[in-house]
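Please look through the sequence and the model shown here before reading on. The paragraphs that follow move from a strand and its partners to a metal site and then to the confidence of the prediction.

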Amino acid sequence: MPTDLLAAHPMPVSLSRSRRPVPLLSAALLLAGSGAVHLAVVPEHLEEYLPFGVFFAVVGAVQVVAGVVTFVRPTRRWQVGAASAQVLLVALWWVSRTTGLPVGPEPWSPEPVGVADVVCVLLEIVSAAVLLGLVLGGPRPRRRRRVWTPLGALAVAFVVGAATFVGVGTGLSGMPVAVSANPPGAGPGGTPVTALVASPGPQPVKAFTLTARPATIGGHVAFTYDGTVPGPLLRVTQGDRLRVTLVNHLPVATTLHWHGVRVPGAEDGVAGITQDAVAPGASFTYEFVAADAGTFWYHSHQDTGNQIPAGLFGALVVDPPAGPPAPDVDRVVMLHDAIDGSSAVAVDGTTGDLHVDARPGQTVRLRIVDAIAPGMDGTAETPVLLGAPYRVVALDGHDLNAPSLLGPQRVQLGMGQRADLVFTMPAAGAVRLVDSRTAGSPSALQRFFGPPARAGETVTIGDGAPPPAVDAAALPVFDPLSYGAPAPDPTTRPADLTAPVVLAEGPGFHDGSVQLVHSINGAASPDVPPLVVHTGQLVGLHLVNDTGEFHPMHLHGHVMTVLSVDGRAPQGSPLHLDTVLLAPHQTVDVAFPADNPGIWMLHCHVLLHAAMGMSMTIDYAGVTTPFTMGSRSGNIPE
Ligand code: C2O
Ligand code: CU
């Protein structure tokens, strides 16, 4: 056949496709893309409610097939039908997100809007618009230059492909319906964590009630314990039996966690692991014996990333029953986020300067608690004491051995950590605690948005002229590794097992959104395999920070001994911590005796990092939890 004849009689492809290949391809890809997102959420919905899972499987499969048909046989009737079906699905989504559907696990309750469903609905809306455009637009009036067609097709494929990738990725990584902190394969039997309570005894009972409730403070609504931020100071004597009732008058569920306190397994206050979060209107009583003296704190361990900055925290001080004479002035200073939503830092509810009374010659103990939720780089606070030489007598509530006098230094504290400073008031003038900060290596993005806000919060102790201001950034950083004097420590024997805990971060999908996923050993919570230990073991943790951020790693229910930091062992006092600060790219080795059966969290106390996956559990063999985390129970410990 002569070639000119071929040109005159093209292959009988459909009118629309030959005339408008780019819109047709777009419609086909958009349809198939929305189908792919629906298929991605099938497993989650199957677990939640079988009919929904089946519905999404059918809809997703039909949409994918419809995409193919649209490209191969794009008749007008088909296009109208497919567009109408897409519009119907969008309408159904709208109802499910506003009034709620009449069927399902929770009829008539609107579902939360997520990234995957928004992407899917956008794909559906645009696909319907393109299909209707094809129907109404009719044949293309004039020929365009050929080069635009492949380019247009490529652009469309790229944009729709990217949207589908995000939709599928977030759909597959949605919040789990119900996930357990039990080690995989843990069968029935064993000791439920709820059975691990304080055994009865003759200890003096100190009873407290903390009512969690909203309160307006300075024109802003805070979540509080008993109407104040921080919550009331709980002060007891070592060996006392604490009985603390949490009454929840918040509109949301909450818990109480005893940070740094070696409580029995059932009293740890972690939603979804040691209890169900306490529902609005309900209450829960915690009971434990204060085994260690020192500075501790308590806070919510449900939706921590929101509830702590909202105000749900306070200090717990355990005094030794006897010992060296108490200081004349003994004061907790909690550093925390101002509740006005600004980036300001507050000290004990005060932004600006907090005044503490003290007279010349008196001894003062400041118990500094870092409760500030830092930004993405995990910025550590570095308070500086000016105007008097001082000793760092305790870190994380545990006494240091033979602490020597220090001049002005920056004492680095990650969120959750505590430092107790003791000094004598000078004959004249005030002493001042000035907060400063050390930021991690900011990413390009963080540099673009500017450095984290600097705050000038201070605590002034005593009257008279304050000490002259200094450039805090130029001061040396306090080095706990070469402070005080060595002392025998039982945890320096070789560990029975040593587990790597490698901290990393990178973009990915987590909890149904696109995040800077923060991982431990290559996985993000709740998928980080637990570390299983046996009672009586000495457990080593080899913590490696593969990021440019700070990570204060907190272990519940235990005290860790620092073995080395970047290979350097402590030269001075033994260091006993519940929260170990890892500076960017630092490696820290610790060990702890497994002497408190339970299921215990090990997580970064940068609340953002924990929520983005930097959290795992240490499970005692034979202990199981009946609780689950996820959307079904509403337990979200992070
Ligand atoms: Cu301060 Cu897991 O907590
Ligand atoms: Cu972190």
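In which sense do strand S12 (residues 353–356) and S21 pair, and over how many bridges? They pair in the parallel sense over 4 bridges, where strands are DSSP runs (E, at least two residues) numbered from the N terminus and two strands pair if DSSP finds at least two bridges between them. Within this pairing, Val 356 stands opposite Ile 461 in S21. Strand S19 (residues 431–434) also pairs with S21, but in the antiparallel sense over 4 bridges, and here Arg 432 stands opposite Thr 460.

In a regular strand the side chains alternate between the two faces of the sheet. In S21 (residues 458–461), Thr 458 and Thr 460 point one way while Val 459 and Ile 461 point the other way, and all are buried, that is, under 20% relative accessible area with a 1.4 Å probe and protein chains only.

The copper ion (ligand 2) has as its protein donors His 551 (ND1), Cys 604 (SG) and His 609 (ND1), which lie 2.0 to 2.1 Å from the ion; donors are N, O and S atoms within 2.8 Å of the metal (3.2 Å for Na, K and Ca), and water is not among the atoms, so sites may look incomplete. The donor residues follow the spacing H-x52-C-x4-H in sequence, and both Cys 604 and His 609 are buried.

This is a predicted model, in which local features need pLDDT of at least 70 and side-chain atom pairs count only at pLDDT 80 or more, while totals for chains, interfaces and linings use all residues. Residues are numbered from 1 along each chain as its sequence is written, chains are lettered from A and ligands numbered from 1 in the order in which they are written, and side-chain values use heavy atoms, with hydrogens and water left out. The protein averages a pLDDT (the predictor's confidence in each residue, from 0 to 100) of 90, and 92% of the residues score at least 70.

Methods: Buried < 20%, exposed > 50% of the residue type's maximum accessible area, 1.4 Å probe, protein only.
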